[in-house]
Amino acid sequence: MRITDTSDLWWKNAVVYCLDVETFMDWNGDGVGDLEGLAQRLDHLADLGVTCLWLMPFYPTAGRDDGYDITDYYGVDPRLGTHGDLVEMIRTAKDRGMRVIADLVVNHTSDQHPWFQSAKASKDSPYRDFYVWRGDEPPDTSDQVVFPDAEGGIWTHSPETGEWYLHRFYSEQPDLDVTNPRVRDEIAKIMGFWLELGLSGFRVDAVPFLLETDGVDPDDAAHFPDPHEYLRALRAFLGRRTGSGVLLGEVNLPFEQQAEFFGGQDGDELTMQFDFNTMQQMYLSLARGDAGPLAASLAARPAISPDSQWGTFVRNHDELTLDKLGDDERAEVFAAFGPEESMQVYDRGLIRRLPPMLAGDPRRVRMVYSLLFSLPGTPVLFYGEEIGMGEDLSAGSRLSVRTPMQWTSGANGGFSDAPAKELTRPVVDGGFAPEFVNVADQRRDPDSLLSFMKLLIRRYRESPELGWGGFQLLEQPHAAVLAHLCTWDDGALLAVHNLGPDPLTVPLTVPGCGTGHRLEDLLTAGGEQLAEDGSVELALEGYGYRWLRVVAEDSRRLL
């Protein structure tokens, strides 16, 4: 395969950057981030190396779930701007080489959505069957709630008609009934509308819940026998409308079930999925200083179609879920990175960003991001990660990491000219305040985290092995070390990471290599010569890392 062929599946080696317009940049001075402010900061993202923006919900909202309780799927929250502002931002992003995707949140609506307002008012409403109802009092469902601190069950009584409606999330977010063909048609219309305005796809929220038919009338469910057929239909619709659009799915399930949401070897359902399993095992490995759990998770990834991809990440916009870890394993991670109750949520996750979890140790922070970009898959960043932002634990839950972006060391971190009390959310204070962590200062510092992240992204983009290639763990004697090889076409890249504090010398053998091959460092100057049998000894500092390109004598690859 030629390097030019990679452009057909652009997302396989993209760099995805998630941001919340509301907290990114306020341009009109009202204390709320807006689309015009985002447009003014696109050059920062282009300079960073971002190739795909993922926008958290920008639609009109009732304000119960930070934008995920939508009242109009075809609108733009007036606090953030207009449709015109959105189109201008998308056009400008494309001019800078960035595609734009947005959250598709169609498992539920807000209870203030006109559909539900009509549906709850009368059993004769034309939108009544957009939602899931039951006439008999439901059993105890407290063990099925997503937010156990806020909800006691997944059914809520509606006094207008005396029936109960289904909601997997907050009671203010009634679930849509996807077995209803009218609902499925409406979802396609929503997608088509935003694609026409320039989006290149969607991050699909809560995919397993969207396809679930529990609680639906059995007669209705009988007309929807294969939910995955619907997911295939959405992928086909996206393909017809865009040719190269992407569905990035939130599917927090064991690997074998995630494979189903890709469409198996056909690869005709979700384009990409977040690898929640590997993320959680990575934190367990970091807590132990033992690469074993991470290596085991990577080895357990199921084979997927070449038309599918894993999304790798260190942090996302929600709580850092640890639900796939055992109780004792989760306790280890809590003890290492979130020992205080205020740092934890629902007994299953953390509400912290990486630098505070690692006590601000720049060696460990850089090692983790080097690891992220070297793993096979497509890296996904959450805004502020590129400069090492911290969290606001006083905000609680998921809002703790959704604080205003820190652009300068000045008032409000350069996010807004409004008085601090009028900001949509407070700026982080303490050791990770804008005084110490901001874009402007790091842009001028060649040794800053921002400069390092730019280097990682540049090297990742120059290394199609990481997004496209085969993956192999390499044997070596140190528990703290992860050594892996990614190969694609005639290229190979070796990455070695030390998750422990002690310097090590790592002996390993690069398969298929020997005399005439050498290793060239990609993150710093230097290199190593391979022995006749492909063996080499690599020196690593405590929390050290190396990316090494395997180079043959006749190689034409740039280093």
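The following exchange goes through selected features of a predicted model.

Colleague: How many of the residues of α17 are buried?
Modeller: Helix α17 covers residues 449-461 and has 13 residues. Among its buried residues are L449, F452, K454, R459 and Y460. The helix is largely enclosed by the rest of the structure, because the number of its 13 residues that are buried is 10.

Colleague: How far does α17 reach from its first C-alpha to its last?
Modeller: At 1.5 Å a residue, a span of 18 Å is expected for α17. The model comes close to that, and the helix reaches 18 Å.

Colleague: What covers the buried residues of α17?
Modeller: The residues to be covered include L450, M453, L455, L456 and I457. Helices that take part include α3 (42-48), α15 (362-374), α16 (439-443) and α18 (464-468). The strands in the cover include β14 (378-382) and β22 (545-552).

Colleague: Which residues of β10 lie on one side and which on the other?
Modeller: Strand β10 spans residues 309-313 and is mostly covered, with 5 of its 5 residues buried. Both faces are covered. One side holds Q309, G311 and F313, and the other holds W310 and T312.

Colleague: Which residue in β10 does Q273 stand opposite?
Modeller: Strand β9 (residues 272-274) is joined to β10 by 3 bridges, and the two run parallel. Within β10, the residue opposite Q273 is W310.

Colleague: What is the bridge partner of F313 in β14?
Modeller: β10 also pairs with β14, in the parallel sense and over 3 bridges. F313 is one of the buried residues of β10. Its bridge partner in β14 is V380.

Colleague: Is D95 buried or exposed?
Modeller: The side chains of D95 and R96 meet in a salt bridge, at 2.5 Å from N to O. R96 has 34% relative accessibility and so counts as partly exposed. D95 has a relative accessible area of 55%, and as the cut-off is over 50%, D95 is exposed.

Colleague: How many residues apart in sequence are the parts that R203 and E250 tie together?
Modeller: R203 forms a salt bridge with E250, with the closest N and O atoms 3.2 Å apart. R203 lies in strand β7 (residues 201-204) and E250 in the loop between β8 (246-249) and α10 (255-262), so the parts tied together are apart in sequence by 47 residues.

Colleague: Are R203 and E250 buried or exposed?
Modeller: The two side chains form a salt bridge. As for accessibility, both R203 and E250 are buried.

Colleague: What is the relative accessibility of D275?
Modeller: D275 and R301 meet through their side chains in a salt bridge of 2.8 Å, N to O. This pair links distant parts of the chain, 26 residues apart, with D275 in the loop between β9 and α11 (276-288) and R301 in the loop between α12 (292-300) and β10. R301 is buried, with a relative accessible area of 14%. D275 counts as buried because its relative accessibility is 2%.

Colleague: Which residues are linked in a network of salt bridges?
Modeller: A search of the whole structure finds 37 salt bridges. The network includes the arginines R398, R402 and R425. In full, its members are D65, D66, D318, R398, R402 and R425.

Colleague: What distance separates the centres of domain 2 and domain 3?
Modeller: According to the domain assignment, domain 2 is 114-166 and domain 3 is 470-552, while domain 1 is made of 4-107 + 179-460. Taken over C-alpha atoms, the separation of the centres of domain 2 and domain 3 is 56 Å.

Colleague: Why is the pair of W115 and Y127 stacked?
Modeller: The search of the whole structure finds 32 aromatic pairs. The ring centres of W115 and Y127 are 6.3 Å apart, and the pair is stacked because the planes are at 15°.

Colleague: Which elements hold W115 and Y127?
Modeller: W115 is buried, with a relative accessible area of 10%, whereas Y127, at 28%, is partly exposed. The pair ties together parts that are 12 residues apart in sequence, because W115 lies in helix α5 (residues 114-121) and Y127 in the loop between α5 and β4 (133-134).

Colleague: At what angle are the planes of the rings of F116 and W133?
Modeller: F116 is buried at 2% relative accessible area, and W133 is buried at 15%. The ring centres of F116 and W133 are 5.9 Å apart, and the pair is stacked because the planes are at 0°.

Conventions
Residues are numbered from 1 along each chain as its sequence is written. This is a predicted model: local features need pLDDT of at least 70, side-chain atom pairs count only at pLDDT 80 or more; totals for chains, interfaces and linings use all residues. Side-chain values use heavy atoms; hydrogens and water are left out. Helices (H or I, at least four residues) and strands (E, at least two) are DSSP runs, numbered from the N terminus. The expected span of a helix is 1.5 Å times one less than its number of residues. Buried means under 20% relative accessible area, exposed over 50%, partly exposed in between (1.4 Å probe, protein chains only). Contact means heavy atoms within 4.5 Å. Two strands pair if DSSP finds at least two bridges between them. A salt bridge is a side-chain nitrogen of Lys or Arg within 4 Å of a carboxyl oxygen of Asp or Glu. Domain bounds come from an automatic or database domain assignment. Rings of Phe, Tyr and Trp (its six-membered ring) pair if their centres lie within 6.5 Å; planes under 30 degrees apart count as stacked, over 60 as edge-to-face and the rest as tilted.
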